[in-house]
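Student: I am new to this structure. Please take one part of it, look at that part closely, and then place it within the rest.

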Amino acid sequence: MFNDIVKINNFRNFAGKEVTIGGWVYHSRPGGKVIFLVVRDGSGLCQCIIEKTSVSEDLFRQLAHLSMESSLTLTGTVRADERSVGGYELAVTDAKILCPTENYPITPKQHGIDFLLKNRHLHLRSQRQWCIGKVRHTVVNAIRQFFNDNGFTLVDSPILTGIVGEEAGSLFNVDYFGMPAFLSQTGQLHLECAAMSLGRVYCFGPTFRAEKSKTRRHLTEFWMVEPEIAFIDLPGLLEVAENFVSFVVQKVLNDNESELKTLGANIDALKKIVPPFYRLTYTQAHEILTSQKTQDFMAAQLVDFKNTKQEIENKITALETEMKGQIKQWRQDKIAAELIDLRSDLVEIETKIENNPKHAQLASKFKWGEDLGGSDETIISLMHDKPIFVTHYPRQAKAFYMKQDEDPRVVQNFDMLAPAGFGEIIGGSMREDSFDKLLEKINEHKYKLENYQWYLDLRRYGSVPHGGFGLGVERTLAWITGEKHIRQCIAFPRMMDKILI
Ligand code: 4AD
Ligand code: MG
């Protein structure tokens, strides 16, 4: 029945021809002689023009009353029109209304984030969510393509596991036929086994962390891609990581320019994401954070924040004044939508102003030996225009499996921080390949030795230098799209207090 349906993003092949599209009303502007319907069909948006003289009187009346998210098919002629969204419009000659919708709960009016998350099943249809979905698809494809094209073999690691992969504090427990088990925090340990068979491997799937924090960077279920490589050293790993991330970013720039524009992403900044990225040791990062330079940087930033706040407040006042005057309904709606955005920007900048001195103080007191905190990462990240590798963290602050460096106080690991204040998107390391040192670490963490015998076997039988890393898809997507919170970067986010939809 719908075999002949043409997708809007395919209109360039149908200029001057008659087509039928199937979609949902995105926006409606009915008039006495002509109705303008903007319709979305999953592939794009199209302005459909219905002239009173082109359809039956009855149909014209029904179409004039259609409201947002009503579903229908429309038949008409495709016309090139530069001013139209997508560059084409449809001169409608017939339509079939499938489901007229009344009182669609999500309107252009103000909705708080809680309301939108509760209505995620509908909010997915919004323009922003649509764009993010498209970019996510490109990111996931680019990830697979990079590893497939560079000699890696895909290995699916288990989701139900019996051992702690990262840290005991964030495990989801599962009752596995009376035995203790967990949802996987990482595929890495299993992947190390596979690397000893296949050399270069990667896994890509959902991972689970019982994170009790409600930050913009944390989900309890997120997607992670993890490559693992036998016969490599730390500089070699960094090279793979920078080539990989720049490949993904360039692919998105290539395939999703219009979505990036709609999302307000910083396209010029993304174009700069090419190797080499910056390299800092943890010790250098520590020096930067505790230096006067950082205090000056933070002070200058505070001035910028305050100026921005003033600008936002001025815009709000101007729009509120306009709102009080005699203006058309469409203009009122537009202002209402702009005010929502501006007020949320205002809250955000006020939070930044409040946090700036705290973060500056935390940085000044940062002690060598601690892990970098979220705000420390943000500061380092803000000082750079390309991703930064921070390497060689103190051994005591990191996971048990990381390889000890020649300097015994540190491990051969790295985090990759995305620039412009975004923070960590990758964590990785060389793995401890010495049996004795690994055993010492497992005991230090008081992990059950019998559970780790298979992992130790990799160091008993043909141990080789090896390493890898994990990149979080949602964090990468949030950075690329300029989305503030990673919960917007997965269709159905799981957070401490969100599981229903
Ligand atoms: O730094 P992490 O914990 O590293 C690992 O899991 C290693 N086993 C990976 C490896 O070497 N194979 O996590 C890696 C990345 C982070 O940099 C971040 O992008 C993402 O996973 N991530 C999260 N994303 C969303 N919500 C969370 N709660 C996340 N925790 C980590
Ligand atoms: Mg990490």
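Tutor: Helices here are DSSP runs of H or I with at least four residues, strands are DSSP runs of E with at least two, and the numbering starts from the N terminus. Counted in this way, the protein has 15 helices and 16 strands. What you are looking at is a predicted model. The protein has 501 residues, and buried residues make up 48% of them. Along the principal axes, its C-alpha atoms fill a box of roughly 85 × 55 × 45 Å. About 24,800 Å² of the protein is exposed, with 53% of that supplied by carbon and sulfur atoms. Of the contacts with a separation of 6 or more, 68% are accounted for by residues 24 or more positions apart.

The part I will take is a sheet. It is open, is formed by eight strands, and runs in the order 6-10-11-16-15-14-13-12, with mixed pairing. Strand 6 (153-154) and strand 12 (278-281) stand at its edges with a single partner strand each, so one side of each lacks a neighbour in the sheet.

Within that order, look at strand 10 (residues 200-208) and strand 11 (residues 221-230), which pair in the antiparallel sense over nine bridges. As a landmark in this pairing, find glycine 205, which stands opposite methionine 224 of strand 11.

Now follow the chain out of strand 11. The loop between strand 11 and helix 6 (234-255) holds phenylalanine 231. This residue is not a glycine, yet its phi is positive, at about 60°. Phenylalanine 231 is also exposed, with a relative accessible area of 64%. As background, most residues other than glycine have a negative phi, and most peptide bonds are trans.

The way into the edge strand 12 has an exception of another kind. Proline 276 sits in the loop between helix 8 (267-271) and strand 12, and the peptide bond that joins proline 275 to proline 276 is cis, with omega near 0°.

Next, consider a helix beside the sheet in sequence. Helix 5 (residues 188-198) contains alanine 194. The relative accessible area of alanine 194 is 12%, under the 20% cut-off, so the residue is buried. Apart from neighbours within four places in sequence, the contacts of alanine 194 are Val155, Gly199 and Val201. Valine 155 is 39 residues away from alanine 194 along the chain, but their C-alpha atoms are separated by 7.3 Å.

Earlier strands give a further pairing to trace. Strand 9 (residues 179-183) pairs in the antiparallel sense with strand 7 (residues 160-161) over two bridges. One pair to look for is threonine 161 with its bridge partner phenylalanine 182. Strand 9 also pairs with strand 8 (residues 173-176), again in the antiparallel sense, over four bridges. There, methionine 179 is the bridge partner of tyrosine 176. Strand 8 and strand 9 form a hairpin with two residues between the strands, and phenylalanine 177 in this hairpin takes a positive phi near 50°.

The ligand comes next. Ligand 1 is surrounded by 24 residues, and the closest are Glu166, Gln188, Arg209, Glu226 and Glu424. Some polar atoms can be placed by distance. A nitrogen atom of ligand 1 lies 3.3 Å from a polar side-chain atom of tyrosine 401. An oxygen atom of ligand 1 is 3.4 Å from a backbone N or O atom of glycine 427. Phenylalanine 469 has a polar backbone atom 3.5 Å from a nitrogen atom of the ligand. On its own, ligand 1 has 630 Å² of accessible area, and the protein covers 94% of that.

Last, farther along the chain, is helix 13 (residues 435-444), whose buried residues are Leu438, Lys441 and Ile442. These cover an arc of only 100° around the axis, and so lie on the same side of helix 13. They pack against helix 14 (453-460). Just after helix 13, lysine 446 takes a positive phi of about 60°.

Note on methods
Residues numbered from 1 in each chain as written. Chains lettered and ligands numbered in written order. Predicted model: local features only at pLDDT ≥ 70, side-chain atom pairs only at ≥ 80, totals over all residues. Heavy atoms only, no water. Buried < 20%, exposed > 50% of the residue type's maximum accessible area, 1.4 Å probe, protein only. Arc of directions from axis to C-beta. Contact = heavy atoms within 4.5 Å. Near = heavy atom within 4 Å. Polar contact = N/O pair within 3.5 Å; in protein donor to acceptor, adjacent residues only side chain to side chain. Areas by Shrake-Rupley, 256 points an atom, 1.4 Å probe, with all protein chains shown as cover. Pairing = 2+ DSSP bridges.
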